[in-house]
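Here are my notes on this one, as numbered points. Have the chain open beside you as you read.

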Amino acid sequence: MTLRDLAAEMRVGRSQLSVYLGGSVPRADFVEALVRATVAESLRERRQAEVALLLFQAQHPPRPAARTAPAKPELPAPRPAGDEPRSDPYTGPEQRLRETWPKAAEWDALAAGAHRARPNARGEAVPPYVQRDVDVELRRRVTAAAEHGGLVLVVGESTAGKTRALYQALRAALPHYRVLAPAKGAVLLPTVESACRSTECVLWLDDLDAYLGPDGLTPTLLGHLTHARVPVLATIRTQQYEAFRSPLLMPGGREDHISTHRTVATGAQILRQLDFLRLHRLWSEEELERAQASDDPRIVDALRHHGPHGIAEYLAAGPALLDEWEAAAHGGGHPSGALLVSLAVDLRRAGRNACPDKVLRRLHRERLAVADPLIRPEPVEEAWRWATQVRYGATSMLLPTMDPTSWNVFDYLVDHTRTRIAPDVWQAALECSTNEERFRVGYSAFFRGVPQVAKEALAPLAEEAHSDAANLLGVLLLEERRPEEAQALWRRAADAGHPGAAHNLGGILHFEGHGDEARHYWRMAAAAGVSDSAFHLGTLLMNDEQEEEGEAFWRQAAGAGHIDAAHALASHAHRTGRLDEARVYWRQAADGGSLESAFTLGTMLKAEGRPEEAEIYLRRAADAHHADAANILGALLCRSGRNDEAMAYYRQAADTSHTPASYNLACLLRSSGHLAEAEPYFRQAADAGHREAAYSLGNELTTLGRTDEAETYLRRAAHAGHTSAAYNLANLLFRAGRHDEAERYYRDASEAGHIEAANNLGVLLLETGRPEEAEAHWVRHIDPSDPDIPLNLASHLMASGRREEAEALLRRTADLGHLRAVTRLGGLMEATGRFEDAVDLWRRAADSGDPEAAYVLGNVLRTKGRKAQAETYYRIAAKSGLKEPLTNLAGLLIERGRHEEAEKHLRLAIDAGDTTFAPSNLALLLRRTGREEEAQHYFRMAAEGLAGKPRGDGTAQ
């Protein structure tokens, strides 16, 4: 439209029009004329423009004919918080019409949509209200919506009590507000007009899914209502909510870039952006306790007999009607009536809001014509009476509607039906549908996995430029691997302004490598509020190192509740050092259901020393079978001594082949004494490449004497760079006489800094006849922190006759605080005739806690006849658990006549591994005290031990 045409249509001069379009504030009549003149040809665009006009008129009542200079339009002042309603500027027929709307305090719960219950003695069909756990928050949100505008949504299963709870919240928070409750499926524009013109009214939309769509509640209409501060209160059943809100994953590997909302209708954008309240079907313990305070016999009965059902569910007779219907269909006496209800249920599930009487009768007649005559169906009119009969004074299976030619069906039966919908029902649903109803049928077929029906329903609509249908049909075509046709449909719908189609088109274009064009359509969708597009666009920009703009799109998506965007923002903030911000977004994503965010946040909190908070998030992820979280949570629980619980989480993760969890579980089982159960988990982790598991398993197998298997796992760990595994493998090979192989692994470990390997390599070199090489090696690897090499080197020097060098080396080592060096130096002193000096050194080491020195000193004092002092040092040495001091202490006690105490220490020595001297001494002691049978047992043990004792002890550590 040209400026001339626009001016002519508005009946104003072009110069005046130019001034206003250039930025000057127009008069109200100019704005009205502008809206009327520029209304779009498209029916939906025209309606949106009309709503904008209605909103403007509601905020700017007509003024007197005599006008002064144009005044700047003003928004309505905030509503007062008090209970008194404001005066309404409108009078006449419109005012009288609004006065017919009921006030919330006087409105009936059944009119609001609450289910009937069995009437009481006074005929009341609505029982007393029992406070629900969500009530406080629900009433707060209703009050906030009255002050600022907005939609309050309660989600729950059929007969969970959601309508009643919202109704009670309305009565409590806004008792003087008038309630505008349009008929389900009605065009909402006239309703919005009335609401925008009114003061202190609420728009009530029970079963919100019946009002979503191009002619229903759109984001634009909701925006107008919010701006006019008209609260919108709505309920929706869980099944419908999930269908509207859940994202659809495309086939063919396009999941990351192409998704749409299951409803793909414009109304779905509303649900994606709402913070709803969920009301659970099953009552909490607190709610049941509050119900127990009621004296209403219906509630008392429900508390006694509700079983696995919710209280509200039982009161509404849902389970009873479902049982009666199922029984009737299986020989319960009303097969024809049950069939009638089944057909109505399936028509509802096929997308019909109501079931036309003639369609229902035709389907019923056709089904009965081919039914098995053995079922003996009752007459048709009797079937109708049975299906429409009110039960328990609460409800019937088939329900009348405002249209006398249509029927509805009790929604509890719809929600609890999972059978396949027959082709004749789909066909009937299509044949009796208007265009918008046809879209609902197509969507239902799509959602239920009947693509042929969906395409038949959607294709004619798409040809008529029905953008929602075109978008959904594109999804179906893509699933059939027809991307070119899908693109064409999406492009046409996107260019017509459909955000879902723009999002999907952007996804497939990106997948095919058309990055710039993909960005264009994702920007279009993101601008319309599609959070998935904002997230993907932000990801692309981040990958292109356009971080500032990319982060802005991530923030937009996260602000709309997109959990992947919140997780991405958290990760980016963490990488850039903004830890507080990272926590905020990880928490948002975790609270929104992101297991990865819950795991990451829990791990972060654990590292920061906040185990209680960490446990909350780790447990949330672990309980949803996140294996990494289960493993980390197991470690956290272990640290707090909750080993049984830790073991359960480790096992949960290990059973999914989580390698670290398998290793941790094996370690915990071993420490708990369950070595046999630990072995398969060690093996599982080791076979998956976990070198610590291979090392641990090798050690356990060595202990069990399964040296061939032990060698395999120790070798595997050693080759993976595990130094201690190389050392233990070398020991195993050394004991097996495979000195060349042992030397190789000793050298590997020694060069890696393993001091015990360096010591044992010297022993091997010495035993294989290379003393000079052994000495040079030991000298090169002396470590001040460890006495083993100096002690072995000193022994070598003594054996070579170089006592002065040996003494000097021992003194240097002793001066570093190594008590064993002090003990060995004492031995050298004794060997060279300096007995008193030796005793002083041994006493010094023994008094400092060295068991070897205490043992040697005990022997020396015993030979000198100083038995009391010898006993003292034997006891010091015996505390180490070594068998030799235990055996010698027992022998000394026998000499001193303390047989009971001696027997105790002999048994301890046997437990410590003495299989010769302690058993023989214990046998003699037992014989002396008359216990011959037990004595014979220990004589045999001593004989066997003596027979198996090696000729000499190895010197390897």
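1. Let's start with R281, which counts as buried at 19% relative accessibility (buried is under 20% relative accessible area, exposed over 50%, partly exposed in between, with a 1.4 Å probe and protein chains only). R281 sits in the loop between β7 (277-278) and α13. Its C-alpha atom is 6.2 Å from that of E157, with the two positions 124 residues apart along the chain.

2. Before going further, some ground rules. This is a predicted model, where local features need pLDDT of at least 70 and side-chain atom pairs count only at pLDDT 80 or more, while totals for chains, interfaces and linings use all residues. Residues are numbered from 1 along each chain as its sequence is written, and side-chain values use heavy atoms, with hydrogens and water left out.

3. Now the overall picture. I get 53 helices and ten strands in the protein chain; these are DSSP runs numbered from the N terminus, with helices being H or I of at least four residues and strands E of at least two. Of the 957 residues in the protein chain, 50% are buried. The accessible surface comes to about 44700 Å², and carbon and sulfur atoms own 51% of it (Shrake-Rupley method, 1.4 Å probe; for residues, only the protein chains shown count as cover).

4. How much of the contact map joins residues at least 24 apart? Taking contacts between residues at least 6 apart in sequence, the share is 57%. Contact here means heavy atoms within 4.5 Å.

5. Stay with the loops for a moment and look at D295, in the one between α13 (285-291) and α14 (297-305). D295 counts as exposed, at 72% relative accessibility. Its partner to check is P128: the two are 167 residues apart in sequence, yet 9.3 Å apart in space, C-alpha to C-alpha.

6. A354 is another loop residue, placed between α17 (335-349) and β8 (355-356). With a relative accessible area of 19%, A354 is buried. Setting aside neighbours within four places in sequence, A354 is in contact with S406 and W407. The C-alpha atoms of A354 and S406 are separated by 6.0 Å, across 52 residues of chain.

7. On to the cysteines. Why are C355 and C432 not bonded to each other? The sulfur of C355 has its closest cysteine sulfur in C432, 8.5 Å away, and that is too far for a bond; a disulfide is a pair of cysteine sulfur atoms within 2.5 Å. From the other side, the closest cysteine sulfur to that of C432 is the one in C355. C355 is buried, at a relative accessible area of 0%, whereas C432 is partly exposed at 23%. The structure as a whole holds zero disulfides.

8. Two backbone spots deserve a look. Most residues other than glycine have a negative phi. D207 has a positive phi, near 60°, and belongs to the loop between β3 (201-205) and α10 (219-227). H625 also has a positive phi, near 70°, and its loop runs between α33 (611-623) and α34 (627-639). Buried or exposed, for each? D207 is buried, at 12% relative accessible area, and H625 is exposed, at 66% relative accessibility.

9. For helix packing, try α39 (residues 707-719) against α40 (residues 723-735): the angle is about 145° and the axes are 8 Å apart. Axes are lines fitted to C-alpha atoms, for helices over the stretch in contact, and angles run from 0 to 180 degrees between N-to-C directions. The crossing is left-handed, meaning the near helix is turned anticlockwise from the far one by less than a right angle. Residues making the contact include L714 and R715 of α39, along with L729 and L732 of α40. By class, the contact has nine nonpolar, two polar and two charged residues (Ala, Val, Leu, Ile, Met, Phe, Trp, Tyr, Cys and Pro count as nonpolar, Asp, Glu, Lys and Arg as charged, and the others, Gly among them, as polar).

10. Last item: A868, in helix α49 (residues 867-878). A868 is partly exposed, at 47% relative accessibility. The C-alpha atom of G858, ten residues away along the chain, is 9.5 Å from that of A868.
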